[in-house]
Each structure stands twice: as C-alpha cells, then as structure tokens.
Amino acid sequence: TTNRSSPVQVGALITWKQLSMGERFTIATTSDGKLYTWGDNGSGRLGLDDTTARSSPVQVGALTTWSKVTGLIASAAAVKTDGTLWMWGDNGYGELAQENTTKYSSPVQVGALTEWLRATGGWYHCHSTKTDGTLWSWGLGSAGQLGDNAQTNRSSPVQVGVLTTWANIGGGFSFGLGITTDGKLYSWGASGYGQGGQGNTTETSSPVQVGALTNWSKVAAGKSTTLAIKTDGTLWTWGWNNYGQLGLTDVTNRSSPVQVGTLTNWAEVACTAVNAMAVKTDGTL
C-alpha cells in the first residue's frame with residue numbers, strides 16, 4: 001500500500017491487453033481472455049465474491065472469454081467475446097442494470113443480449129454502444145447524464161436518442177460524451193465547469209453537438225474535465241482546470257475546446273479525477 005511517484009511494473013506477465021480503473025481499484029484483461037482485478041473491494045467491486053481488498057492481481061473466475069473492461073467509481077463492467085455484458089459491485093443507483101439496487105460481488109449478466117460492444121461511464125452511471133450503433137445508458141440520472149431527456153435514475157438500459165452512428169463514448173462525474181462515425185462530437189449532462197464544451201455552464205439532458213466540426217476522433221473524461229483528439233492528431237481540452245489538468249499552462253476553466261500546444265501526433269487520451277495523460281504516435285506517454 002505504498003504510494004509511487006514513478007512507474008512500477010505489476011508482476012511479470014507480458015500478456016496484458018486492456019485496462020481500466022475505478023475508484024481505488026483496477027480491472028484488466030490478458031491476451032488469452034482472462035480477467036483480473038485488484039485494489040479496494042468495497043461493495044464487491046473486484047468481482048471476487050467477497051469484499052476483501054487485494055494488493056496484487058487476482059483472476060476473476062476461470063473464464064477466458066473476457067474482451068473489454070471498464071471501471072466505474074465502485075462497480076465494474078466487462079464485455080465477453082460473445083457480446084454479452086456483465087457487471088458487479090455497488091448498485092445504489094441501478095448502475096449494474098439489474099432492475100434493482102442490490103450489490104453484487106461477482107459478475108452478473110445485463111439482460112440476455114449478445115450485441116454489446118463496450119461499456120464506459122462516470123461515477124454512478126454507465127454508457128454502452130451496441131453492434132447496431134445505438135447508445136444506451138443506465139444508473140444515476142439526476143443531472144441528465146444518461147442523455148435520455150430526463151433527470152431520472154434508471155436500473156436498466158435506456159436508449160439515448162435515435163442515432164445509430166455512435167462510435168466512441170466517454171463519461172465523467174455527471175456527464176457523458178460521444179463521437180459519431182461522421183466525426184461529430186456530442187455532450188450531455190452537467191456542465192458546471194464547462195465540461196460539456198458548449199461555451200456555457202448549462203446542464204443538458206440529451207446529446208448536443210459540440211460546435212460544428214466533423215473531425216473528432218477520440219474522447220475521454222475526468223471528474224469535470226474533457227480531453228479529445230481530432231483526426232489531424234491535435235489535442236483539445238476543456239472544463240474544470242483547478243489543478244492544471246487541461247494542460248494549458250494555467251488553472252482557468254474553459255467551456256469550449258482549446259488546443260493544447262501545436263503538436264499533431266497525439267494518439268490516445270485518458271483522464272482521472274484531477275489529472276490527464278496522453279500517448280503520442282511515437283509511443284511516449
């Protein structure tokens with residue numbers, strides 16, 4: 001339980017494939033389809049059928065069909081290679097999509113569908129796209145963060161609008177983001193710090209396009225901060241900036257996208273509650 005200020009290797013495995021983090025815990029898959037978790041285990045967020053914390057990776061069950069994972073604040077989601085969606089952990093707002101608010105300490109399937117692509121989300125809400133390009137949300141909805149034109153909690157998936165072109169999605173503390181196949185960027189939910197990128201701090205309960213550009217490629221969200229990359233490789237940020245997490249050499253909030261420097265070789269972005277990170281095309285972090 002020692003803090004580290006520089007990277008330390010986790011074990012000796014060289015087969016890690018996909019990784020995500022929630023609040024004080026980590027979830028990851030390996031190239032052979034195994035699922036591992038470690039960290040805090042309050043509400044059973046590690047999926048190990050108990051609430052005991054782990055300080056090193058522990059395999060969740062024995063299955064080798066796990067594909068994509070997402071850590072929420074106190075729960076987790078994972079999609080298998082067969083397109084089924086599974087969740088576990090805290091469920092106080094219905095964020096496990098089980099039509100109840102019961103905690104689960106091991107994976108439970110969300111419905112019977114086999115067309116889920118990947119789940120992502122914010123603190124107590126979740127978003128996921130299906131193979132037909134539709135977008136679905138569930139969990140806490142008090143700030144419109146589900147994008148379903150309401151401020152209501154949902155304990156089962158509800159479709160966000162009627163678009164069938166959702167490609168890349170992200171979720172922050174109480175807002176959501178999505179990019180469509182035609183390169184448009186949308187936001188919804190809370191925007192008290194301008195994290196919606198709409199040039200204001202107005203809350204919206206359904207997706208609103210951010211500007212008129214059609215060259216957005218990837219997006220990530222922190223607590224109240226947004227990062228995005230365009231198809232030209234430029235990096236843009238907006239929202240809460242109290243700790244300099246926008247990378248703009250100041251601590252001023254922004255309510256619309258601002259370019260970070262002039263480089264055109266940004267490839268991936270990620271964001272925690274109060275800091276941000278990005279990978280360039282040359283593999284540097």
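A residue counts as buried when its relative accessible area is under 20%, as exposed when that area is over 50%, and as partly exposed in between. Keep that handy for the exercises below, which all use a predicted model.

**Exercise 1. What share of the 285 residues is buried, and how many helices and strands does the protein have?**

Solution. Start with burial: 47% of the 285 residues fall under the 20% cut-off. Next, secondary structure: the protein has 22 strands and zero helices. Then look at the contacts with a separation of 6 or more: 44% of them join residues 24 or more positions apart.

**Exercise 2. Work out why the radius of gyration agrees with a compact globule.**

Solution. First take the expectation: a compact globule of 285 residues would come out near 19 Å. Now take the model's value, 18 Å; the two agree, so the radius fits a compact globule. For the outline, a box of roughly 45 × 40 × 30 Å along the principal axes holds the C-alpha atoms. The accessible surface is about 12600 Å², with 51% of it belonging to carbon and sulfur atoms. Finally, the charges: there are 18 positive and 18 negative ones, and their mean positions lie 4 Å apart.

**Exercise 3. Classify the aromatic pair of Tyr 93 and Tyr 124 as stacked, tilted or edge-to-face, and find where its partners sit.**

Solution. The structure holds 13 aromatic pairs, and this is one of them. The ring centres of Tyr 93 and Tyr 124 are 5.1 Å apart and the planes make an angle of 55°. Stacked needs under 30 degrees and edge-to-face over 60, so the 55° of this pair makes it tilted. As for location, Tyr 93 is in the loop between strands S7 (85–89) and S8 (104–109), and Tyr 124 is in the loop between strands S9 (116–121) and S10 (125–130). That puts the partners 31 residues apart, so the pair links distant parts of the chain. Tyr 93 is partly exposed because its relative accessibility is 35%, and Tyr 124, at 25%, is partly exposed too.

**Exercise 4. Do the same for Trp 216 and Trp 236, and say whether they are buried or exposed.**

Solution. Here the centres are 6.3 Å apart with 75° between the planes, which makes the pair edge-to-face. Trp 216 belongs to strand S17 (residues 216–221) and Trp 236 to strand S19 (residues 235–239), 20 residues apart. Both Trp 216 and Trp 236 are buried. While you're on aromatics, pick out the cluster formed by Trp 16, Tyr 36 and Trp 38.

**Exercise 5. Which loops hold Asp 49 and Asn 149, and what is the sign of phi in each?**

Solution. Recall the background: most residues other than glycine have a negative phi. Asp 49 has a positive phi of about 65°, and it lies in the loop between strands S3 (35–39) and S4 (54–59). With a relative accessible area of 58%, Asp 49 is exposed. Asn 149 has a positive phi near 65°, in the loop between strands S11 (135–139) and S12 (154–159). Asn 149 is exposed as well, at 59%.

**Exercise 6. Which residues does Thr 202 touch, leaving out those up to four places away in sequence?**

Solution. Locate Thr 202 in the loop between strands S15 (185–189) and S16 (204–209). Its relative accessible area is 46%, so Thr 202 is partly exposed. Beyond those sequence neighbours, Thr 202 touches Gly 189 and Ser 191. From Thr 202 to Gly 189 is 13 residues in sequence and 8.7 Å in space, C-alpha to C-alpha.

Notes: Residues numbered from 1 in each chain as written. Predicted model: local features only at pLDDT ≥ 70, side-chain atom pairs only at ≥ 80, totals over all residues. Heavy atoms only, no water. Helix = DSSP H or I, 4+ residues; strand = E, 2+ residues; numbered from the N terminus. Rg over C-alpha atoms; globule rule 2.2 N^0.38 Å. Buried < 20%, exposed > 50% of the residue type's maximum accessible area, 1.4 Å probe, protein only. Contact = heavy atoms within 4.5 Å. Areas by Shrake-Rupley, 256 points an atom, 1.4 Å probe, with all protein chains shown as cover. Lys, Arg positive; Asp, Glu negative; His and termini not counted. Charge placed at Lys NZ, Arg CZ, Asp CG, Glu CD. Phe/Tyr/Trp six-rings, centres within 6.5 Å; stacked < 30°, edge-to-face > 60°.
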